[in-house]
Amino acid sequence: MTKAIAGFSKLSKEEKINWIASTHFADADQAIETIRKYWNSDADLQKLHDEFIENTLTNFYLPLGVAPNFVINGKNHTIPMAIEESSVVAAASKSAKFWASRGGFKATVLNSEKIGQVHFIFQGDAVKLQDFFTQVKPKLFSQTESITKNMQKRGGGILDIELRDKTAELENYYQLHATFETKDSMGANFINSCLEQFAKTLKEEAQLFAAFSETEKNIQVVMSILSNYVPNCIVRAEVSCPVEDLKEEKNISQEEFAEKFVRAVKIAEIEPYRAVTHNKGIMNGIDAVVLATGNDFRAVEAGVHAYASRDGRYSSLSHAKVENGIFTFWMEIPLALGTIGGLTSLHPMAKMALEMLGKPSAHELMEIVAVAGLAQNFAALRSLTTTGIQQGHMKMHLMNILNQFQTTENERKQVLKHFEKHTASHSAVVDFIENLRK
Ligand code: MEV
C-alpha cells in the first residue's frame, strides 16, 4: 500500500511529479517523460491550465472535432465537439446532412429560470415564520443589491423568493426557494453569492424579530446552494418531414423505417433500461458541445437525468410520432448554460468553439446543444433500427484497434480495404492483423 503524504499541495509541480512517479510507477523516468510530453510548449498557456485546478501535473487531451452542415432555425452551423468516443462526431455529421435537406432543425428556448435554495432548520411556530418571512423578504432583495446590480443591468436578477415548509418530510426543515434569471452566464457564482447573503440576512433578522421566542430566533442554516435541477430552463429541439421524404435506407421502406423508429422511441418511453441507454446517446451529443464550449457537463448531466425521471419513472427525453403522414421527432430538455463567465472566456479552446458558433447568446447555445443531442439520438436510432449499431461504430473504432496494434501504413491499408466489405468486430480485426503478420 502507498504511504500517505502530508502537504502534497504545497510541493512544487516538479516535486509533485517526482513523488508521483517514484511512488506509483515501476518505471519512474518513463512516467515523468509521459507527463512532460503532454505539457504545452507555450509556458503561459500551460500556466493557465495549471491554475484551473489544484495539483495539476499535466494535461489530459480529448479530441476536438467538428460536425458541419447543421441547419438550425434556418442558419448554418459548424458544431465543435470535444469527445473521445469514435463514432459520435461522424454520427452527428450524418444527421446534420440528412436533416439539412429536409428543412433542418428547429429549436426554441421555452424558459430560462435557474433555482437556488437556502436550507434551514427552524424550531417553532410555522405561522410566525411565515409572518417573519413576509416582513424580511424586501430585505432579502435589498441586501443583495451590490451582488445583483450588474446582473440587473443585463436584464437578469432574482425573480422571486419563496418560503417552503418541508417539515412533513424532515423535522423542522424549511427552505428559501429562490428563482433567478442569469442571462448569458450560467450563473452559479451569482446564485450562490445571493443565497449566502439571503442566509446571513435570514439569521440576523430572525434575532431581531420580536414575535419570535429565543429558540425561534435561532435559525440554523444548513447550507445555501444553487440547484442543478432546472425544470424551468427548457429548450425544445425538433425535426419533421413527410414520411415519404425519409427514404434513404436501402433495405427498408420509408413507412417501415418511420414505424420502427417511432416504436424504438416508445420503448425508451416505457422501459427504463432502454431509456438510460437511449438518453446516453443524446448526452453523447450534448456533453461534447457543452465541454467544447467550456460549460459544466456534470451539472447538465445531473439536471437532465433528474428531468428524465420527473414523473417518478426514468423515461426517454425524446419523443417521435407520425401524424397525417408527417414524421416528427423532438425533445425538451433542461440546459443551464453560459456563454460568458467561467471557463468560456478563459479556456482558449472554449473561446474558439464559441466563436465558431458565431458567439451565441446562452439561449442560442441552449438551442445548438439540444440540436446536437437530438441529432445524435436520431443517428443512433436510425442505425439501431436498420443496420444495427456495430456497423458504423466498428468502422470508426477500427482506427483505435489499428493504433492499439501499432500497425504499419501497409497493414492499415489492407485492414481498411478488407473491412470495407466484411463486418468488423474486435476479434475479426485482431485475427486479420495477426494473419497478416504470420
Ligand atoms: C453509444 O454511445 C450510444 C448508443 O448506445 C445510444 C443508443 O443506444 O441509443 C448507441
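Q: What makes Asp 125 a polar contact partner at the start of α5?
A: In this predicted model, a side-chain oxygen of Asp 125 comes to within 2.9 Å of the backbone nitrogen of Val 127. The cut-off for a pair of N or O atoms is 3.5 Å, so the pair counts as a polar contact.

Q: How do you know that the span of helix α5 agrees with its number of residues?
A: Helix α5 holds 17 residues, 126–142, and at 1.5 Å a residue these should span 24 Å. The C-alpha atoms at its ends are 24 Å apart, so the two values agree.

Q: Where in α5 does a kink lie?
A: The kink, of about 40°, is at Val 136, shortly before the proline Pro 138.

Q: Which residues of α5 are called buried, and what do the buried residues pack against?
A: Leu 129, Phe 132, Phe 133, Val 136 and Leu 140 are buried. Buried means a relative accessible area under 20%. The buried residues of α5 pack against the strands β4 (113–121), β5 (157–165) and β6 (173–181), and against the helix α7 (188–208). An α-helix has 3.6 residues a turn, so residues three or four places apart point the same way.

Q: Why is Gln 46 called buried or exposed?
A: Its relative accessibility is 5%. The limit for buried is under 20%, so Gln 46 counts as buried. Gln 46 lies in helix α3, residues 43–50. Leaving aside residues up to four places away in sequence, Gln 46 touches Lys 13, Tyr 38, Trp 39, Asn 40 and Asn 59.

Q: Why is Asn 324 called buried or exposed?
A: Asn 324 has a relative accessibility of 79%. Exposed means over 50%, so Asn 324 counts as exposed. Asn 324 is placed in the loop between β9 (318–323) and β10 (326–334). Its phi is positive, about 50°, although Asn 324 is not a glycine.

Q: Why is Gln 406 called buried or exposed?
A: At 68% relative accessibility, set against the limit of over 50%, Gln 406 counts as exposed. Gln 406 sits in the loop between α14 (389–404) and α15 (409–421). The phi of Gln 406 is near 45°, a positive value in a residue other than glycine.

Q: Which residues surround the ligand?
A: The ligand is surrounded by Glu 85, Arg 274, Thr 277, His 278, Lys 280, Gly 281, Asn 284, Ala 380, Leu 384 and Ile 389.

Q: How do you know that Glu 85, Arg 274 and Asn 284 have polar side-chain atoms within 3.5 Å of the ligand?
A: An N or O atom in the side chain of Glu 85 is 2.6 Å from an oxygen atom of the ligand. For Arg 274 the corresponding distance is 2.8 Å. A polar side-chain atom of Asn 284 lies 2.9 Å from a ligand oxygen atom. The cut-off is 3.5 Å, so these pairs count as polar contacts.

Q: How much of the ligand does the protein bury?
A: Taken alone, the ligand exposes 300 Å², and the protein buries 82% of that.

Q: Which elements give two or more residues to the shell around the ligand?
A: They are α10 (272–292) and α13 (362–384). Six residues come from α10, the largest share of the shell.

Q: What makes up the secondary structure of the protein, and how much of the protein is buried?
A: The protein has 16 helices and 10 strands. Of its 438 residues, 45% count as buried.

Key. Residues numbered from 1 in each chain as written. Predicted model: local features only at pLDDT ≥ 70, side-chain atom pairs only at ≥ 80, totals over all residues. Heavy atoms only, no water. Helix = DSSP H or I, 4+ residues; strand = E, 2+ residues; numbered from the N terminus. Expected span 1.5 Å × (residues − 1). Bend = angle between axes of the 7 residues up to and from the residue. Buried < 20%, exposed > 50% of the residue type's maximum accessible area, 1.4 Å probe, protein only. Contact = heavy atoms within 4.5 Å. Polar contact = N/O pair within 3.5 Å; in protein donor to acceptor, adjacent residues only side chain to side chain. Near = heavy atom within 4 Å. Areas by Shrake-Rupley, 256 points an atom, 1.4 Å probe, with all protein chains shown as cover.
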